[in-house]
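Biologist: Hey, can you pull up the model and walk me through it? I'm new to this one, so keep it simple.

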Amino acid sequence: MQQQSIGRLKPLNSKNPQMLRSILRTAATAAKSHSTTTSDIRIPATISASSRTFSTGTHPKKPNFRPDIKPENVGAKGAETLNKDVRARALKEDEKDKSLDIGPDGRSLFTSATSISQLNKKDICTYMKFRREELESVLPEGLPMGMLKEFGDSMRDALLIRQSFLDLRDNFRRVVDPTLQTNAKGLKARKQVVLDGPVSCGKSIALAMLVHWARDEGWLVLYVPKGREWTHGGFFYKNPKTGLWDTPVQAANIKKYDLGDFLKYNKDHLQKLPCKIFEPILLGEGAGVGWMKGADVVQIPEDYTLLDLVQVGLNSTHAAVGVVVRLREELSLVKDIPVLIAVDQYNSWFTFSEYEEPVTVRSCRPIHARELATVNAFRSMIHDNMMVGAFSHSTAVGKLRKDLPDVPADARVNFPRYSVDEAAAVCHYYLRQRLIQREAFTEESWKKIYYLSNGNGTEMRWLVPFMR
């Protein structure tokens, strides 16, 4: 019976216009007789007035921790820009007031030395002013990120003179000038040094300053500011002639940036130094162009200088890897002037690279950095040349063992974080640079920040504006 009644219902479509109009009239009449009000709307309990999605009220303003301005009705970026502009104008006016250049215990905040060579123990815990143009000309390879961050936040191109850096500089002074050894209180000069230490303790900045000093002294310095880039990125293949892995793309970058900048600053030295190895340089695959047809080697004439050798690498992508390796051999034979090899992110050369060698269809073997031809040529410190490498914990290499292969046992030096005296000078400097409100600055306050950050320079610079 029920099935019959359902069967007698007519479908609700255009063939039943009367029924459709009747339903529409009924719905319209019901809507007029029952008008909906806000009291009829039920809001679930989970949605409150403080909901980020439904709240129409204004959010509480974020506190402004910079001392120079309290912006109102401006965006975050606008407030930051305005804050910097006000600081810059105030610092420009402060230059006229030399009474502000006072550090801890009434000492001068800035050193009177005009070069790194002139620095001595009296200049420890003072700041040395630099000109950005001069730094970029002496270090064309690039300034460390920590140095640039310090310059940007403090709005002045100045660096703290630390005892640990003077010890590093004087070590290499004694290597070159043995007469200074008698005045070193029995300290043995090391030709090879590895700078280790906690994160943000100033290793990269100290290395860059050492390169600056050595070049000012007339040394021939090969500076590699980003050693990790030698082990990551680009095309790679196993050279059947050497058994090592060549990285033509990275070698091209090395010759363009590291060797290019090396040539830019050391051109006068290189053109005076003759080549002493005349064996032909093996050619490899070029970056994106494959093997060279009709040639396997490039000849080195007897009248070539180191400048000509570097030019070969700059002009030929097939010879890029071979020239980098040969340059290392040639530098070890230079006796006319002091030679220093400085490598930042040196710990990247003691772990696996980004490259992998296929072993089976479903597995690959990671290639160690020592298997790369360029790294293999420069990594070892078992030689009689001056070399310094700095560990970088920003590269996420991880903890390395204490006794590193190809590194002398006594080469590793722990580079410390700020001491209490250094932290005092740093906080007075930030006060001078208006990162700290003068009315909030006390010895108790800056010591709290020092102990809270455990002497970490980056954290101290971030925390001092919160001093209240």
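Modeller: Let's start at a helix end: just after α5, Met155 takes a positive phi of about 60°. Helices here are DSSP runs of H or I with at least four residues, strands are runs of E with at least two, and both are numbered from the N terminus.

Biologist: Before we go on, what sort of model is this?

Modeller: This is a predicted model, so local features need pLDDT of at least 70 and side-chain atom pairs count only at pLDDT 80 or more, while totals for chains, interfaces and linings use all residues. Residues are numbered from 1 along each chain as its sequence is written, and side-chain values use heavy atoms, with hydrogens and water left out.

Biologist: OK, back to α5. Which of its residues are buried?

Modeller: Helix α5 covers residues 145–154, and its buried residues are Met147, Glu150, Phe151 and Ser154. They line one face of the helix, because they fall within an arc of 95° when you look down the axis of α5. The arc is taken from the directions from the helix axis to the C-beta atoms. Buried means under 20% relative accessible area, exposed means over 50%, and partly exposed is in between, with a 1.4 Å probe and protein chains only.

Biologist: Why would residues a few places apart point the same way?

Modeller: An α-helix has 3.6 residues a turn, so residues three or four places apart point the same way.

Biologist: And what's in the loop leading into α5?

Modeller: Gly142 is one residue in the loop between α4 (132–138) and α5. Gly142 is partly exposed, at 25% relative accessible area. Its C-alpha is 9.5 Å from that of Val224, although the two are 82 residues apart in sequence.

Biologist: Let's zoom out. How many helices and strands are there in the chain?

Modeller: The chain has 14 helices and 13 strands. Of its 468 residues, 44% are buried. Among contacts with a separation of 6 or more, 70% are between residues 24 or more positions apart, where contact means heavy atoms within 4.5 Å.

Biologist: Got an example of residues far apart in sequence that meet?

Modeller: Try Asp94, in helix α3 (residues 76–94). Its C-alpha is separated by 8.6 Å from that of Arg432, 338 residues away along the chain. Leaving aside neighbours within four places in sequence, Asp94 is in contact with Leu100, Arg432 and Arg434.

Biologist: Is Asp94 buried or exposed?

Modeller: Asp94 counts as buried because its relative accessible area is 10%.

Biologist: Met155 had that positive phi. Where else does that turn up?

Modeller: Asp105 has a phi near 60°, a positive value in a residue other than glycine. Asp105 lies in the loop between α3 and β1 (127–129), and it counts as exposed at 80% relative accessibility. Asn454 also has a positive phi near 60°. You'll find Asn454 in the loop between α13 (443–453) and α14 (457–463), and it is exposed at 54%.

Biologist: New topic: how many disulfides are there?

Modeller: The count comes to zero, with a disulfide being a pair of cysteine sulfur atoms within 2.5 Å. As for cysteines, Cys427 is buried at 0% relative accessibility, whereas Cys364 is partly exposed at 45%.

Biologist: And aromatic pairs, how many of those?

Modeller: A search of the whole structure finds 13. Rings of Phe, Tyr and Trp (its six-membered ring) pair if their centres lie within 6.5 Å; planes under 30 degrees apart count as stacked, over 60 as edge-to-face and the rest as tilted. Trp213 and Trp219 form an edge-to-face pair, 5.1 Å centre to centre with 65° between the planes. Both Trp213 and Trp219 are buried. Phe235 and Tyr237 are stacked, because their ring centres are 5.7 Å apart and their planes are at 20°.

Biologist: How exposed are Phe235 and Tyr237?

Modeller: Phe235 is partly exposed at 32%, while Tyr237 is buried at 9%.

Biologist: Which rings link up into a cluster?

Modeller: Ring pairs join Trp230, Tyr346, Trp349, Phe350 and Phe378.

Biologist: One last spot: where's Asn347, and what is it in contact with?

Modeller: Asn347 is in the loop between β9 (339–344) and β10 (352–358), and it counts as buried at 2% relative accessibility. Neighbours within four places in sequence aside, its contacts include Ala390, Phe391 and Leu400.
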